[in-house]
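Please open the model in a viewer and keep the sequence panel visible. The tour below proceeds by selection, with a short account of what is found at each stop.

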Amino acid sequence: PLLGEGERKSFVRNYLAARGKKLADQQEFRISAAPNAANARWLQTLLDDISVFGDYEQLGKRLGQCLDAKSTAELYKLLIKRLETDYDPENKGTVKMFFSLLWASRRGLNPDTELGVMLESKGISSDAWQSLSIVVDDLLLSLGGVVALANEDIVAAVSSVYVWGDMEKQLHAELASFFSKQEGISERKVEELPYQLCAAGE
């Protein structure tokens, strides 16, 4: 159900207060008056972003960028770009590969034995990807020992930002190679390998 304007105002103030944050009355009004704020996922995503935005002097500009996002997927794209700045300052591909590998998986990846192993094989430290994983927990769905992208909007955002040209087949080929090297037959191998081979065109 869509949120009414009164519900939005209350949600904005209470949600930020729970995180020890407070906006100026004018900024709260700008958010609650935005048409997209009726969408609870869009509104929560915006509030999550600005609640961790560290540059107070640039907060108004950041808020304007977020309010210009026409959909939750567009808002997620802004969030992904901020994560690159905050969690991949050396441009090692931490954020890109973290989200891209999850995007290409059929049902998700085990963070320790699958996703983490592949990221660390690319020179991304365990501290780097684990720190990112904690921060983006709300964007992930954990089920049966694997984590996956939580909803269709974050899937669309990752696809738009990272998966273009030959990247899609490259990701599926990488996952196919990873699972094909596992010895024997396991439930995870059966879940992922045939799908990845097919998606990679192999």
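Select helix α3 and the largest pocket together: α3 gives the most to the lining of this pocket, with six residues. The model is a predicted one, and the tour should be followed with that in mind.

**The largest pocket**

Keep α3 in view and add α5 and α8 (126-135); each of these three helices supplies at least two residues of the lining of the largest pocket. The lining comprises 21 residues in total. To find the centre of the pocket, select Asp48, Leu79, Val135, Asp138 and Leu139, which lie nearest to it. The volume of the largest pocket is about 380 Å³. Colouring the lining of the largest pocket by residue class gives 10 nonpolar, four polar and seven charged residues.

**Lysine 77 on α5**

Next, select lysine 77, which has its place in helix α5. Is lysine 77 buried or partly exposed? Its relative accessibility is 31%, so lysine 77 counts as partly exposed. Residues up to four places away in sequence being left out, lysine 77 touches Ala157, Ser160 and Val161. For a longer view, draw a line from lysine 77 to asparagine 14: their C-alpha atoms are separated by 25 Å, and the two residues are 63 residues apart along the chain.

**Asparagine 91 and its loop**

Follow the chain to the loop between α5 (72-87) and α6 (94-104), where asparagine 91 is found. The phi angle of asparagine 91 is near 55 degrees, a positive value in a residue other than glycine. Asparagine 91 counts as exposed, because its relative accessibility is 68% and the cut-off for exposed is over 50%. Add tyrosine 56 to the selection: it lies 35 residues from asparagine 91 in sequence, with 25 Å from C-alpha to C-alpha.

**Helix α6**

Now select α6. How many of the 11 residues of α6 are buried? The number is 10, so α6 is largely enclosed by the rest of the structure. Among the buried residues of α6 are Phe98, Phe99, Leu101, Leu102 and Trp103, together with Thr94 and Ser100.

**Helix α2 and its buried face**

Move to helix α2 (residues 25-33) and highlight Gln27, Glu28, Ile31 and Ser32, which are buried. Turn the view to look down the axis of α2: the buried residues fall within an arc of 130 degrees, so they line one face of the helix. The spacing of such residues has a simple background, because an α-helix has 3.6 residues a turn and residues three or four places apart point the same way. On the other side of α2, select Asp25 and Gln26, which are exposed. To see what covers the buried residues of α2, display α1 (5-17), α3 (40-51) and α4 (59-68), which are included in that cover.

**Serine 32**

The last stop is serine 32, in helix α2. Serine 32 has a relative accessible area of 1% and is therefore buried. The side chain of serine 32 reaches the backbone oxygen of phenylalanine 29 at 3.3 Å. Which residues is serine 32 in contact with, leaving aside its neighbours within four places in sequence? Select Glu5, Arg8, Lys9 and Ala37 to display these contacts of serine 32.

Terms used: Residues are numbered from 1 along each chain as its sequence is written. This is a predicted model: local features need pLDDT of at least 70, side-chain atom pairs count only at pLDDT 80 or more; totals for chains, interfaces and linings use all residues. Side-chain values use heavy atoms; hydrogens and water are left out. Buried means under 20% relative accessible area, exposed over 50%, partly exposed in between (1.4 Å probe, protein chains only). Helices (H or I, at least four residues) and strands (E, at least two) are DSSP runs, numbered from the N terminus. The arc is that of the directions from the helix axis to the C-beta atoms. Contact means heavy atoms within 4.5 Å. A polar contact is a pair of N or O atoms within 3.5 Å; within protein, one must be able to donate a hydrogen and the other to accept it, and residues adjacent in sequence count only if both atoms are side-chain atoms. On a 1 Å grid over the protein atoms alone, a cavity is a set of points where a 1.4 Å probe fits but cannot get out, and a pocket is an open set with protein on both sides within 12 Å along at least five of seven lines; lining residues have an atom within 4 Å of a point. Grid points are joined across faces, edges and corners, and a volume is the space filled by probe spheres set on the points. Ala, Val, Leu, Ile, Met, Phe, Trp, Tyr, Cys and Pro count as nonpolar, Asp, Glu, Lys and Arg as charged, and the others, Gly among them, as polar.
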